[in-house]
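Here are my notes on the model you sent, set out as numbered points. Please read them with the structure open.

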Amino acid sequence: MELYHRALEILPGGTQLISRRPTRFAYGVSPVYAARAEGARFWDVDGHEYIDWVSGIGAIVLGYADPVVDEAVREQICLGTMYSINHPLELELAEALCQTLPCAEMVRYAKTGGEACAMAVRIARGVTGRDKVLVCGYHGWHDWYLAANLAAESNLSTHLFPGIEPIGVPAALAGTTIPFAYGDIAALGQLLDDNRGQVAAVMMEPLRSEEPPPGYLADVARLAHEHGAVLVFDEVSTGFRYGLAGAQGYVDVTPDMAVLAKSISNGYPMAVVAGRREVMEPSARMFISSTYWSDTIGLRAALTTLAEIKRRDVPAGLWKFGARLQARLNAVAAEVGLDVHCGGLAIHPHLHFGETDDATRRKLATLFIQEMAKRGCHGYASFYLNAAQQEAELEQTAAAARETFAILARGLADRSLDDLLECDVQQEHFRRLVK
Ligand SMILES: Cc1ncc(COP(=O)(O)O)c(C=O)c1O
């Protein structure tokens, strides 16, 4: 907390990523600054050890300091990492992605998810000659996306979180980005009709922690194509975690373009826009260019991570592990007698508190974060998996949850939640239509 107070003086907002703000956890109890991480765990600057159930906000898929990826990166460092000319790794990674990802015939690179989303939108606008973009989910911080809140400040409330003022986003962009509700195919059809001939792209997170309604994504694809729009799946937070053919393989719907980032390079900055040749090729004539997109650390890390994800069949392991985590936490909840259910897709389990009052539910979630943190488990009331989480993490987390659930049950029974909370209620976390 001492470091954080210093940071607030010199770093506007204190952190670089909103999801790393300590107010998003149990403020003053949850760890704020890490010193190092290995496998499924990190150590904070005070030397406390935590199981990390946030997996580097999703960027860690194999585990921290993975020996295979890190060795490949170390080798690359010895060869120099940035050159005045190109490096064959650019092709090798593109070829690997085209063999793996159903939509991929051509590939471009970037460094962050938001940047790659902006690139995908630029390409879709360039290819179609249209301006408008329909969105569902979170797609980064850039003007094109936050423009959604120019028309009404609540537009992104359910896709991201409420209260985002589009400060600094040109007012002239109002009406260029329009959100649509996940799962409501009629509403999407209506939006496309209302903006006939103007929509460049339908951009969405295909899923996150719930199964899409049957046939929904195939219908989205059909509608987008009927209206001449490019369908873009934002797989930044899903991607190869969900399957060896990405989230698009898991849902069995192939978009025109996909954006991947966090699941591809085990924490090293790297992002990909991959798509059909017809959509990607015209981008050769567009001004889409940056020095660091050729950085070989990201390329080498991504190529190695992809190979390791396949070799270890990481997605299969994560699905299985998530199901076991859900079963263990549900058994513990039943033992303790707390009305909470660990559900959602096994790849991204989350807790549903049975309590119906919204304010009480948020107190329960914060108290859960607080008490789990005290027992060496860092996270939200949801779980981001990585392949280094194993038996020991399952056991320690189940034991911590047993004590934590008992505290929550007591707080509910004798109405002492406020007394038990040692911090303010967690500020609203990224909330998404695609939960
Ligand atoms: C679906 C999705 N798109 C885009 C982004 C933005 O990625 P980045 O934070 O790397 O810019 C995120 C980040 O969480 C994301 O989950």
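1. How close do the axes of helix H3 and helix H11 come, and at what angle do they cross? This is a predicted model, and in it the axes of H3 (residues 89-100) and H11 (residues 296-311) come within 9 Å and cross at roughly 35°. The crossing of H3 past H11 is left-handed.

2. The contact of these two helices can be followed residue by residue. On the H3 side the residues are Leu-89, Glu-90, Glu-92, Leu-93, Ala-96 and Thr-100, and they meet Thr-296, Leu-299, Arg-300, Ala-302, Leu-303 and Leu-306 of H11. By class, the contact of H3 with H11 has seven nonpolar residues, two polar and three charged.

3. Next, the domains. Domain 1 is made up of two segments, 2-62 and 313-420, while domain 2 covers 68-311. Taken over C-alpha atoms, the centres of domain 1 and domain 2 are 28 Å apart. These bounds come from an automatic or database domain assignment.

4. Where the domains touch, 14 residues of domain 1 are in contact with 18 residues of domain 2. Helix H12 (residues 314-336) gives the most to the domain 1 side, with three residues. That side of domain 1 holds nine nonpolar and five polar residues, and no charged ones.

5. One open sheet has seven strands, in the order E4-E10-E9-E8-E7-E5-E6, and its pairing is mixed. Which strands stand at its edges? They are E4 (106-110) and E6 (177-179); each has a single partner strand, so one side of each is left without a neighbour in the sheet. From one strand to the next, the twist averages 20°.

6. Within that sheet, E9 (residues 257-260) and E10 (residues 271-275) run antiparallel and are joined by four bridges. To locate this pairing on the display, look for Met-257, which stands opposite Gly-275 in E10.

7. Another open sheet consists of four strands in the order E1-E2-E3-E13, again listed with mixed pairing. Its edges are E1 (34-38) and E13 (377-378), each with a single partner strand, so one side of each lacks a neighbour in the sheet.

8. The pairing of E1 with E2 (residues 41-44) is antiparallel over four bridges, and Ala-37 has Phe-42 of E2 as its bridge partner. E1 and E2 form a hairpin with two residues between the strands, where Gly-39 takes a positive phi near 60°.

9. E2 also runs antiparallel to E3 (residues 49-52), joined by three bridges. Here Trp-43 stands opposite Glu-49 in E3. This hairpin has four residues between its strands, and Gly-47 in the turn has a positive phi of about 90°. Both glycines are worth checking on a backbone plot: Gly-39 in the hairpin of E1 and E2, and Gly-47 in that of E2 and E3.

10. Last, the ligand. Which residues come nearest to the ligand? Of the 13 residues around it, these are Thr-112, Gly-113, Gly-114, Val-236 and Ser-237. Helix H4 (residues 113-128) gives the most to this shell, with three residues. By class, the shell around the ligand comprises seven polar, four nonpolar and two charged residues.

Key: Residues are numbered from 1 along each chain as its sequence is written. This is a predicted model: local features need pLDDT of at least 70, side-chain atom pairs count only at pLDDT 80 or more; totals for chains, interfaces and linings use all residues. Two strands pair if DSSP finds at least two bridges between them. A residue is near a molecule or strand if its C-beta atom, placed from the backbone, lies within 6 Å of it. Ala, Val, Leu, Ile, Met, Phe, Trp, Tyr, Cys and Pro count as nonpolar, Asp, Glu, Lys and Arg as charged, and the others, Gly among them, as polar. Axes are lines fitted to C-alpha atoms, for helices over the stretch in contact, and angles run from 0 to 180 degrees between N-to-C directions. A crossing is left-handed if the near helix is turned anticlockwise from the far one by less than a right angle, and right-handed if clockwise. Two residues are in contact if their C-beta atoms, placed from the backbone, lie within 7 Å.
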